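Q: I would like to learn how to read contacts and interfaces in a model like this one. Could you take me through it step by step?

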Amino acid sequence: MRIGELSARTGASRRSLRYYEEQGLLVSSRSPSGQRHYEDEHVQRVRLVQAFLAAGMSSGTIVEMVPCMTEPSEDRARQALEIMGRERARLSEAIDGLAAARAALDHLIEDNHAYLTRSADDEA
């Protein structure tokens, strides 16, 4: 199938598909005129890449798991699991940092409300 059909079947833009190729996440064959051609299994690959991206993984991290996607094995599945675990830990750390920032902002909002309450009482 050509890039337009893969785009239609996956919902990924043609630009995204080209980007996936540039990053090593997707490999196409070329026609004599240079057009990209994909196989049916590329539909699943693109959906998997999209799922990893939606989970917050970078294309550089996803490319580390390409061997497991192209030729799955128990060893490669273990490697992918290790990579996903590392990414989960990274996301958890980011979430903890955001929660701390929100708590600090909540404290500042409370201080501001207290100030406004005191100011209103002073004016009365």
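A: Happily. Let us start with one residue and its neighbours: leaving out residues up to four places away in sequence, Thr10 touches Val43, Val46 and Gln50, where contact means heavy atoms within 4.5 Å. This is a predicted model, in which local features need pLDDT of at least 70, side-chain atom pairs count only at pLDDT 80 or more, and totals for chains, interfaces and linings use all residues. Residues are numbered from 1 along each chain as its sequence is written, and side-chain values use heavy atoms, with hydrogens and water left out.

Q: Is Thr10 buried or exposed?

A: Buried means under 20% relative accessible area, exposed over 50%, and partly exposed in between (1.4 Å probe, protein chains only). Thr10 counts as buried because its relative accessible area is 12%. Its side chain also reaches the backbone nitrogen of Ala12 at 3.2 Å.

Q: How does Arg30 read on that scale?

A: Arg30 is partly exposed, because its relative accessible area is 49%. With residues up to four places away in sequence left out, Arg30 touches Glu21, Gln35, Arg36 and His37. The side chain of Arg30 reaches the backbone oxygen of Gly34 at 2.8 Å. Arg30 and Arg2 lie 28 residues apart in sequence, and their C-alpha atoms are 9.7 Å apart.

Q: Now the bigger picture: which domains does the protein chain have?

A: Domain bounds come from an automatic or database domain assignment. Here that assignment gives domain 1 (1-70) and domain 2 (72-124). The contact between them takes 11 residues from domain 1 and 11 residues from domain 2.

Q: What area is buried between domain 1 and domain 2?

A: The size of an interface is often given as the accessible area lost when the parts come together. Buried area is that loss (1.4 Å probe), summed over both parts. Between domain 1 and domain 2 the value is about 870 Å², with 63% of it from carbon and sulfur atoms. Glu64, Met65 and Cys68 supply 48% of the area that domain 1 buries against domain 2, more than any other three residues.

Q: How many salt bridges cross this interface?

A: A salt bridge is a side-chain nitrogen of Lys or Arg within 4 Å of a carboxyl oxygen of Asp or Glu. The rule finds 1 salt bridge across the interface of domain 1 and domain 2. The side chains of Glu64 and Arg86 meet in a salt bridge, with 3.1 Å from N to O.

Notes. Buried area is the accessible area (1.4 Å probe) that two parts lose on being put together, summed over both. A polar contact is a pair of N or O atoms within 3.5 Å; within protein, one must be able to donate a hydrogen and the other to accept it, and residues adjacent in sequence count only if both atoms are side-chain atoms.
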